[in-house]
Amino acid sequence: KIIQLTKTKITMATIKDEIVINASRELVFGFVSDYSNDVKWREGVIGMKCSTKENIFLGTRTRETMKFLGRTLITIARVTEYSPFTKIAFRSVTGKIPVHGYRLTEGVEGYTKFTYALTIELQGFSLLFDPLMTAIYRKRIRRDLVKLKSILEAEYIKRLETYSEYRIPFGFYS
């Protein structure tokens with residue numbers, strides 16, 4: 001028998017985008033590190049479950065259900081890096097399209113810079129659609145960041161209005 005080995009060509013498409021949000025780093029990181037919030041700000045995500053209820057840590061698993069190009073994709077991912085109030089990195093464990101990436105927050109002059117990076121591993125038939133998929137994901141991530149900014153800035157203003165004014169009861173000093 002002759003065994004022929006063929007190399008599978010794999011292309012990595014990396015999409016990285018960032019946005020400055022007028023909200024505290026703690027609020028931004030708290031929101032984006034709670035994976036159940038993904039359905040609120042990430043287009044196409046119709047379900048997200050996390051293996052932990054409260055704290056995220058190395059090894060935490062997520063199950064994402066996403067609509068993409070008319071198909072429903074389910075991806076199981078694992079947290080590969082976690083730094084409180086700074087960074088969460090992830091890598092898919094199962095799914096039709098292998099992905100990995102990270103979410104990063106940085107304090108910048110009273111604001112928070114949020115970076116979202118995603119690397120898609122394209123192989124086989126999906127290589128034919130590399131430019132199209134990259135363009136679709138790039139536009140989708142930009143819209144996601146704009147939506148995230150809108151949600152968090154509205155929440156931040158609401159919290160400031162609620163907690164920033166300490167009112168002294170009438171007659172306190174009399």
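**A colleague's note: buried charges, a pocket and two unusual turns**

1. Let's start with Glu64: its relative accessibility is 14%, so this residue counts as buried, the cut-off being under 20%. Please keep in mind throughout that we're looking at a predicted model.

2. What does Glu64 pair with? Its partner is Arg42, and the salt bridge between the two has its closest N and O atoms 2.7 Å apart. The residues come from distant parts of the chain: Glu64 belongs to strand 3, while Arg42 sits in the loop between helix 2 (38–41) and strand 2 (45–50), with 22 residues separating them. Arg42 is buried as well, since its relative accessibility is 9%. So if you click on this pair, you'll find that both ends count as buried.

3. The pair also has company. Asp38, Arg42, Glu64 and Arg103 are joined up in a network of salt bridges. For the chain as a whole, the salt bridge count is 12.

4. Another bridge worth a look is the one between Arg140 and Glu43, where the closest N and O atoms are 3.9 Å apart. Arg140 is in helix 3 and Glu43 is in the loop between helix 2 and strand 2, so this bridge ties together parts of the chain 97 residues apart in sequence. Are the two ends buried or partly exposed? Arg140 counts as buried because its relative accessibility is 9%, whereas Glu43, with a relative accessible area of 32%, is partly exposed. A further bridge runs from Lys87 to Glu81, with 3.6 Å between the closest N and O atoms; Glu81 is partly exposed, at 32% relative accessibility.

5. Stepping back for the overall layout: there are three helices and seven strands in the chain. Reading from the N terminus, you meet them in the order β-α-α-β-β-β-β-β-β-α. The chain has 174 residues, and 40% of them are buried. If you take the contacts between residues at least 6 apart in sequence, 51% join residues at least 24 apart.

6. Now for the largest pocket, which holds about 360 Å³ of space. Its lining is made of 25 residues, and the ones closest to the centre are Arg42, Glu64, Met66, Thr75 and Val99. So the salt-bridged pair from point 2 turns up here too, since Arg42 and Glu64 are both on that list. Five elements give two or more residues each to the lining: strand 3 (61–68), strand 4 (71–83), strand 6 (99–108), strand 7 (111–123) and helix 3 (130–163). Strand 4 has the largest share, with five residues. What is the character of the lining? It divides into 14 nonpolar, seven charged and four polar residues.

7. Strand 4 also contains Val79, which is buried, at a relative accessible area of 1%. Beyond its neighbours within four places in sequence, Val79 is in contact with Tyr35, with Ile56, Phe57, Leu58, Gly59 and Thr60, and with Ile88, Ala89 and Phe90. Tyr102 is 23 residues from Val79 along the chain, and their C-alpha atoms are separated by 9.3 Å.

8. Over in strand 6, have a look at His100. This residue counts as buried, but note the value: 19% relative accessibility, against a cut-off of under 20%. The His100 side chain makes a polar contact with the side chain of Arg91, at 3.4 Å. Leaving out neighbours within four places in sequence, the residues in contact with His100 include Met12, Phe90, Arg91 and Leu118. Phe90 is thus one residue that is in contact with both His100 and Val79.

9. Finally, two backbone oddities. Most residues other than glycine have a negative phi. Phe85, though, has a positive phi, near 60°. Phe85 sits in the loop between strand 4 and strand 5 (87–94) and is partly exposed, at 42% relative accessibility. The other case is Glu109, with a positive phi of about 45° although it is not a glycine. Where is Glu109 found? Look in the loop between strand 6 and strand 7. Glu109 is exposed, with a relative accessible area of 79%.

Notes: Residues are numbered from 1 along each chain as its sequence is written. This is a predicted model: local features need pLDDT of at least 70, side-chain atom pairs count only at pLDDT 80 or more; totals for chains, interfaces and linings use all residues. Side-chain values use heavy atoms; hydrogens and water are left out. On a 1 Å grid over the protein atoms alone, a cavity is a set of points where a 1.4 Å probe fits but cannot get out, and a pocket is an open set with protein on both sides within 12 Å along at least five of seven lines; lining residues have an atom within 4 Å of a point. Grid points are joined across faces, edges and corners, and a volume is the space filled by probe spheres set on the points. Helices (H or I, at least four residues) and strands (E, at least two) are DSSP runs, numbered from the N terminus. Ala, Val, Leu, Ile, Met, Phe, Trp, Tyr, Cys and Pro count as nonpolar, Asp, Glu, Lys and Arg as charged, and the others, Gly among them, as polar. Buried means under 20% relative accessible area, exposed over 50%, partly exposed in between (1.4 Å probe, protein chains only). A polar contact is a pair of N or O atoms within 3.5 Å; within protein, one must be able to donate a hydrogen and the other to accept it, and residues adjacent in sequence count only if both atoms are side-chain atoms. Contact means heavy atoms within 4.5 Å. A salt bridge is a side-chain nitrogen of Lys or Arg within 4 Å of a carboxyl oxygen of Asp or Glu.
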